[in-house]
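Colleague: I have a model open and want the reasoning behind its labels. Can we go through them one by one?

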Amino acid sequence: MLWLQVLANGLMLGGLYACIAAGFSLVWGVLNVINILHGSLIVLGGYLAYFGYTLWGIHPFASIPLIGALFFVLGYLVQASVINRMIAAPVLLTLTLTFGLDLMLNNAMLVAFKADFRRLTLEPPLGTLELGELSLPVDRMLAMVLAIALTGLLYLVLSRSRIGRAIVAVRMDRWAAALMGVNVNRIYAITFGLGALMAGASGPLLAMIFPISPLTSSAYLGKAFVVCVLGGLGSVPAVIVGGIVLGVVESLASVWFGSEHAITVSFVLLIGFLIFKPTGLLGKKGFE
Amino acid sequence: MNKFFIGAMLTAAGLVAASGAVAQDAQTIRIGAPLPITGPLAPEAVKQQRGYDLWAEMANKAGGINVGGKRMKVEIVYADYQSNTPRAVQTAEKLITQDKVQFLFGPYGSGAAKAASSVSEKYKVPMIAATASSSQVYDQGYKYLFGTFTPNDTLTEPIAELVKTMAPGVTRVAILARNDLFPLAIAQEMEKSAAKRNIKVVFFEKYAIGTLDHASALSQIKAQSPHWIFATGYTNDLVLMRKQMADLGLKGQVLTMIAAPAYQEFIDAVGKQSDNISSASWWHPAVRYKGKDIFGSTENFVKLFRAKYKSDPDYVEASGAVSGALFQMAIERAGSLDGTKVRDELAKTNEETFWGPVRFGPTGQINSLEPPVFQIQAGKPIIVHPKAIAQGALRLGVK
Amino acid sequence: MKFHIIAAATLFALLAAVPSFLGDAYSLRIGTTMLMYGILAMSWNFIGGMAGYPSFATAAFFGLGAYAGAVLQKLGLPMIASWMAAGLFAFVFAGILGMALLRLRGHYFAIASLVVAEVIREAVNSATDLTGGGMGLNLPVPQMGSIEAQAAYFFNAMLLISAATFIALFVTSRSKLGFGLRCIQQNEAAADMIGINATLYKTAAFMLSAVFVGVAGAAYASWVHYIEPPDVFDTLYSVKPIVMVLLGGVGSVFGPILGAAAYLALEELVWRNYLSIHTGVLGLLIVLLVLFLPRGLLSLAPRRWGMAP
C-alpha cells in the first residue's frame, strides 16, 4: 500500500523534525532570538559523531550525551559573551548577528571538513524491517524513537526541574520573573545552552540517516522554522505536533505534487500559517 | 572628515585594487582555468585540475609547446569562482583582461560553461569545456567554444540498445532526475531513448537540488514495479539514493545511474550495494586508443596518471588532460598564439588521441566518440559496450 | 538639505565620468555590480530602514524582475521596455504580497519574506517551458559594438537606475510618507491613532522597495544574458543589502550607498586574497558591525553634517 508507506515515511521523519526544532523553538520562545546557528550546530554535531565513530568506534547513540554536554557549554558561553549584548535589540540586529555567527561557523566547517558529503554507515548495518508491504528502515525508526525520547527529556526538564520552571517563567514574563528573584541573564544563557544541546544531540541521529556536509545546514534550519510556525512556539508538545505534521505533509506532498515540490509545499504551508494562524496549531502567543 | 567622502574613496580604492594589472612573462603560454575550488562543487574541481596539471607537466617536461619554431612553456592560471555561476563569468573575464591568458579551460559543468562561453566569445579567446555535455551549452552559435563530451543522447542510446537486446523483458522504466542542467537533460534523453524502443516510462520526476530524502519518490517508484530504474544526479545524490533504495526494498532488473558510478568514491561509499549498477560515461581507463597527442596512448596516460596521483583516472580527469593536449596540437599546427588562428585549427581537428578520435561538429561539440557503457561487478567497473573493448557482459538483477 | 543635494549631485557626476577614466571592461564590471547593490541597498531602506520592517524579500523581487525581463525579451519586447515592465511587475507584485505579509511583525515578517523568495524560486524552477527551469534561460546577447562599449552601457544603465532610486529615497524621506513611516517604526499603534494610515504607508514602502529592484534584476539579466533560479533568487541578494545598509547607517539617505561601496570594496579585497575563508570573514564583519557599530558608519559622522537618520 503506497499510502501506508508514505505515511510511515512521514512519521519517521516527523519525529526527527521535532527533535531538530525543539532547541530552536526554545531559544526563540524564551529569548526572542532566532538562532540561525542552529542548522550549523546540528551539522557540527553530526560531524563529531561521524569522527567519533570512524576514528574511535564510539557508537553514535553513545556520543549523543557527550556531544550534548559539550554543546551545552558552548552555547552557554556564546550566549553569555556575545548574544546577550544584543538581547534587547531590534529583531533585525539579533537576526543579523546570529546570521554572521553562522557564516563563521559554517565557513570554519567547510575549511576543516571540506564540502564532501560524509556517510555514517553503521557496521553491521541495521537493516530493514519488513511488515507486509511496508519497508521500515531500522535506523530511521530507532532515530525517531530516540528523537522523541530526547524531546521528551527536554519536556521533563522544563516542567519538573527548578531551572526548567525558571525558564518557563522567563518566557512568560521576564520582568515578573526577575521580580521573583530569577537571574534572567543566567536563564538566558542556560536556555541557549539547552538549545545548542538539543541541536548537537540531534546531529548523531541525523548523521545516521542523511549525508553530512556543511551545505545541509540551511535545510535543517528551514525545517526548524516550519515546525515552529506550524506547531507554535512556547511548548514542547507544540514542537512534536509541528514536527509530525510537517513530516507527514512533506511525504504526502511528495506523492501528490512530485518530489521536487515537497519543500515548496511546506513553505507555502508556512506562509499560510504565518498569515492566518501565526500562533500555530498549539502555540500560545509567541513574541512578535 | 566627512564619512561621505570616505565612502567615495573606498569605492575608488576598490576599483583601483580590482584593476591592478598583473605583470606577465611574455615567454609562456597562459591558459586560464576558472574552477569551483570552494563551495559545493569543489570535489569536481579537483579532478579537472589534476588532468590539467598532468598535461602541463608533460608538455613542459618535453621542453614546452612548439609555437612556430619557438618552444614556449605552458602555465595554467587557476581562479576560484566559488561554485557560483555568475562568479564563473566574472572570473573568466578577469582571467582574460587582468591575467592576460591567451586560452581558457571551461568551468565545471554545463551551466557554468554555457554562461562563461559568452565571455570567451566576446574576447575571441578559444575555450575548451572539459565537462560540458548538454547540447544546450553549444546552441548559441559561438565559434570559440569547444567541448570534449559528446551530447547526452550518446550516453543513453547505447545503453538503451544494450538493455533492449540483452533483456527484452524489460518494458517499464522509472526515471528520477536532479533538477539541474546536465542531470535533467540526460534524463530527458533517456525518456526519448526509451520511447524509441517501446519501453514504457512509468515514472518521471525531478528532485530539487539539495534534497536529503528520496524516500517518497522511491516509494512511488516501488509502487510502479519498474524493471529498470534510471537515476541521475551527482555523487552525493546517488549514494544517498542507492542506500534508500535498499532500505525500502526497491529491486529491479537494471539500475542505471549517471554520473557517479564512474568514480571510485561512489563505489567506496556504496560498498556491496554497487553491484550491477550500470552507467555510461565518455571515457574509461579500460578503453584502448592510440594517439598523436603527447600521451601517445590510453595505457600510457593511465600509467602516467597513476604514477603522479596514485589512483586510476576517471573521465573528468582524462577530459581535463585531453583538453590541454588538444590546445597543444592546435597551437602547434597554427604556429602562433593568435586566438582566431588557434580557434580555426581547433575546429579542423581530426586526430586520434588517448581519449579517442577527436573531431568537432559545427557547434564546437565533439561528435566522434562512442562513449562506453560499463557496469560495476564485484566492486570493479567493467566495460560492457562497445564490443570492441568490452571486458564483460551486462548482468541483470539489482537487489 | 542643500548640502545633501550638492553632495549627491557631485557623487553621481563623478560616477558618470568613470567609464571615461577607467574604461576597461573588468573595472566597469565591478563598478556595475557596486551600483546594482547600491540600488538593492537603497531600496531595502524604504521598508527596512524607514518603516522598520525587516524585509528579506529583496531576492524575490530581484529574481522576479530578472525573469520577467528575460521572458519578455525572449518574446520580442525591446530591452529597455522589458526592464520597465519588469519593474512594474515587481511593483504590483509587492503590493499584492504586502496585503498578505504586512500584517505580520518582527520575526514573523522576516521569515515570511525570506520564504517567499524560496517559493517563487521553486515556482520558476518548475515552469520549465516558460523559464527553462533548472536548465536556465538564455537571453539574446546585446549587440553593442566593442566590449568596452557594452560594459559602459550597462554601467550607465545601472547608474541611471541608482540615481532614480536615490531620488525616490531622498524625496520620500523628506515627504509626508517618510514622516509617516518613521512614526510607524517608532510605534505603529500610536501612528494609527494620530491619523496615519499605516497599512497604506507600509504597502507603499514595500512597493517602493520592489520597483527599482525589479528593474535592476531585469537589467542584470540582460547584462549577463544567462540566468538560472539558484543564481537570481539567491538569499544573499536579500542579506547583503541589509548588511550594507547596516554598515552605512539604517534609515539615512546616504547610508546605503556608503555601505554598499564599503562592503563591496572589502569583499573584492577579501575575495582576491582569502579565497577559502571569505564567507567567514564576512560573518566576522557582520558580527563586529552588529555588536560595535549598530548604527552604521554614518553614525560616526559629526552631528552637524546632518547625515545620520
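Colleague: What does the secondary structure of chain C come to?

Modeller: This is a predicted model. Chain C has 14 helices and two strands.

Colleague: Why is chain C called as compact as a globular protein of its length?

Modeller: Set the radius of gyration against the globule rule, 2.2 Å times the number of residues to the power 0.38. For 309 residues the rule gives 19 Å, and chain C has 19 Å, so chain C is as compact as a globular protein of that length. Its C-alpha trace spans about 55 × 40 × 40 Å along the principal axes.

Colleague: What share of chain C counts as buried?

Modeller: The cut-off is under 20% relative accessible area. Of the 309 residues of chain C, 65% count as buried. The accessible surface of chain C is about 11,200 Å², and carbon and sulfur atoms hold 69% of that.

Colleague: What part of the contacts in chain C comes from residues 24 or more positions apart?

Modeller: They account for 79% of the contacts with a separation of 6 or more.

Colleague: How far apart are the mean positions of the positive and negative charges of chain C?

Modeller: They are 17 Å apart, for 15 positive and 12 negative charges.

Colleague: Over to chain A. How do you know that β1(A) and β2(A) pair?

Modeller: Pairing needs at least two bridges. Strand β1 (residues 128–131) and β2(A) have four, in the antiparallel sense. A:Thr128 stands opposite A:Pro137 in β2(A). The hairpin has two residues between the strands, and A:Gly132 takes a positive phi near 65° there.

Colleague: What makes both faces of β2(A) covered?

Modeller: In a regular strand the side chains alternate between the two faces of the sheet. On one side of β2(A) are A:Leu134 and A:Leu136, on the other A:Ser135 and A:Pro137, and all are buried.

Colleague: Why is A:Asn32 called partly exposed?

Modeller: Buried means under 20% and exposed over 50%. A:Asn32 has a relative accessible area of 21%, so A:Asn32 is partly exposed. This residue lies in the loop between α1 (2–31) and α2 (37–56) of chain A. Its phi is near 55°, a positive value in a residue other than glycine.

Colleague: And why does B:Lys100 count as partly exposed?

Modeller: Its relative accessibility is 41%, so the label is partly exposed. B:Lys100 sits in the loop between α3 (85–97) and β4 (103–105) of chain B. Phi of B:Lys100 is positive too, near 50°.

Colleague: Which omega goes with the cis peptide bond from B:Ile258 to B:Ala259?

Modeller: Omega is near 25°. B:Ala259 lies in the loop between β10 (254–258) and α9 (264–270) of chain B.

Note on methods:
Residues are numbered from 1 along each chain as its sequence is written. Chains are lettered from A and ligands numbered from 1 in the order in which they are written. This is a predicted model: local features need pLDDT of at least 70, side-chain atom pairs count only at pLDDT 80 or more; totals for chains, interfaces and linings use all residues. Side-chain values use heavy atoms; hydrogens and water are left out. Buried means under 20% relative accessible area, exposed over 50%, partly exposed in between (1.4 Å probe, protein chains only). Contact means heavy atoms within 4.5 Å. Accessible areas come from the Shrake-Rupley method with a 1.4 Å probe; for residues, only the protein chains shown count as cover. Lys and Arg count as positive and Asp and Glu as negative; His and the chain ends are not counted. The place of a charge is taken as NZ of Lys, CZ of Arg, CG of Asp or CD of Glu.
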